[in-house]
Every structure is written in C-alpha cells, then in structure tokens.
Amino acid sequence: MLKSASKVTINTGNVLNLIDIKKKAGQNVTEELSESIKLTLSEWGTQNGHHDLPIQNGSAIPEEDLVPIRQNSNYMVVSTSTAPREAVLNITRPHDDVHNKMAEEERKNLKIGVKIFINEDSTTALTECLENVFTALHTELIESVILAYNPDIVHDALDESMKNAFTKASPISLGSNVVRMSSTEMDADSEADARKCEAILPGIKVLWAVLEDYVKEGRVHQLGVADVGGGCLRKLHGWARVKPTIAQINLASCCVVPPSLHTFCKANDVQLLTHADPPDLLSLAALKTLSDAGVGCNNLDWCARYQVHIKCRGVLALKGYVCKATLGSFNGESNTVTTYV
C-alpha cells in the first residue's frame, strides 16, 4: 500500500475510540503504537477500495486526476515541498472524533501533553513534528512538551557494562526514603551518566532551542526532558533560556532514582515522573508495522504521542501518535511516510 509514496500523512485521530485497541488491554507502548498504525492503514485501504496509494512517484497527481478521489473519499494529494521528486499524500480517517472531543469542553479546561521521540538533532524534523501535532489536534496551544532524544550514538558510547546500569528492570522509588546503592553501583551510574550526557547533550541543545522558540511564541507553555541523568539535567538547566520543569525517568532504567537527579529536581522545582517507553521505540514500532506492509523500514524518523486530559476531572479524553518514517522501496530508493496515530 505504501510502495509508491514519497511522503504520506496518515491521520488515525483518537486511538481511544478504536475498538480493536480497546480489546487489547495491557498492551505495551510499542504494541499500542504498532496496532494503531496497522488499523489506520487497513481502514484507509478499505475506504478507498484499492491497495496502492493514489500517487505518482516523483510528483503530485495532476489536478484533473484528483476529482474522482475527492468524490469517493476524504483523501487527496498535495505537494508541500519544492523537491523535484517529492509528493505528499494526506490520509485522514473520515469518522475520527478528535474535533468533536476537543469541542466538548472549553479549551481552558483541557490540558494537552506531548512527548516527542526523535533520534536526530534535526530542527526541521522537530518543527515538522510539532506542526503536525498542532494540526492533528486543531489547537494553537500545547501545555507541555517532553523531549525524548535517543540518538544511535548513545548505544555506541556505552559499553555493555554501562548499559546494564540503564536496563535493570526494578521498581523505582520517588519518595524521600531513597534506597541507597552500593558504592560500585553509584560509580557505574555516575560514569554511565557522564558518558551518555556527553553523547546526547549537544543534540538536546539544538532541539531545545527550537522548543524555546515555541514557548516564546506562546504556543507551548512547559518543557521537559526524558532519560537524562542528574548531571546532564543540571547542565541543560544552566544553559537553557527556558528551564526544563519536567524530568522523566524510565521505570526499567535503574534500581532507584539516581540521587543526583532526585536532589536536583527537588531543589529546582522540576517535576520528576516515571515512564515505560522503550528507548528503541522508533525502531521496534517500525519493524512491527511498516515492514509488514511490504516495504523496507528499519526505523521511524520521529514520533510524537499526544494526550488530552480534562483538567477538573483528570479524565483522558484523547490519545494518539504522530509518526514519520523513511521507507526503502523494493528498487532501493527511499520513500517517506508520516503517520498521525
């Protein structure tokens, strides 16, 4: 279905109203994302009654050829790039309820949180990601954005002994009575933290500057960062014009919250939260979904998860993902897919 696409946007809208997702309670993040993408592609194929995207490789379909498409579905092809061989196909779910759900409550009663997963320090990619989220949610304001930057160099920078410090599957304590690690464990954690910080901080700064502009423009209120140690958070906090006010740590990353991180967050009014998102979410989701569609794809370029809560009740009203992948076609050329999930 995606073989001929240069770039495709797939808008599944609110995944909370997808029955097949509801039936699979207890899914992990990768499974939920993968299943959402699969359902989106399946529904689009059924709606249009064919398996190939209505797109010509290298350019958008001529205006006269778009008429039957417009008459039979809500999908059309548009070109958003000056690149001579890039065309964009926007796919939306005809019966999606995002707009209606957003309209059920006054905007002041809603809180939108977005987490962005990205493996490259591309300002263009980050901007594209955020703008797609704004479009998907029909909003001009996002309350909080959390950046999860996991470049491939992190895996090269940490040897196996250091990686073990970040992959222990144990509960985390966020209380004041933090369980103490042995001196050996603390030394390993400190060294791993320092090496990881050296690898990721330059890229985080590049991306953070983009997020700061959104805050300056009043389009984003609060910024956060995921999976950085106390030393790295301290350096980012000291450098940034807009200070991080949220820090996320993976439930499976270590035995307890690193003492330096816990202390810094408490002293600087940074909210410390836990999460269960795998660091290799982009590659895992791509392999479990887009490869099944008959195209080569080893990694999603970026992915954003949005959640919309009703403030006074704490109810989750909307949830979805916006992702983009570079696909390798059977002739060896690269294609690009963007997905709203």
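1. In this note Ala, Val, Leu, Ile, Met, Phe, Trp, Tyr, Cys and Pro count as nonpolar, Asp, Glu, Lys and Arg as charged, and the others, Gly among them, as polar. The model is predicted, with local features needing pLDDT of at least 70 and side-chain atom pairs counting only at pLDDT 80 or more, while totals for chains, interfaces and linings use all residues. Residues are numbered from 1 along each chain as its sequence is written, and side-chain values use heavy atoms, with hydrogens and water left out.

2. The whole structure holds two cavities of 30 Å³ or more, a cavity being a set of points, on a 1 Å grid over the protein atoms alone, where a 1.4 Å probe fits but cannot get out. The second largest has about 30 Å³ of space, the volume being that filled by probe spheres set on the points, which are joined across faces, edges and corners.

3. Its lining (residues with an atom within 4 Å of a point) consists of Phe117, Ile118, Asn119, Ala148, Asn150, Pro278, Pro279, Leu281 and Leu282. β4 (110-118) and α11 (281-288) are the elements that give two or more residues to this lining; helices (H or I, at least four residues) and strands (E, at least two) are DSSP runs, numbered from the N terminus. By class, seven lining residues are nonpolar, two are polar and none is charged.

4. Seven of the nine residues of β4 are buried, that is, under 20% relative accessible area with a 1.4 Å probe and protein chains only.

5. β4 runs antiparallel to β9 (residues 300-310), with nine bridges, and parallel to β5 (residues 142-149), with six. Ile118, a lining residue, has Tyr149 of β5 as its bridge partner.

Note on methods: On a 1 Å grid over the protein atoms alone, a cavity is a set of points where a 1.4 Å probe fits but cannot get out, and a pocket is an open set with protein on both sides within 12 Å along at least five of seven lines; lining residues have an atom within 4 Å of a point. Buried means under 20% relative accessible area, exposed over 50%, partly exposed in between (1.4 Å probe, protein chains only). Two strands pair if DSSP finds at least two bridges between them.
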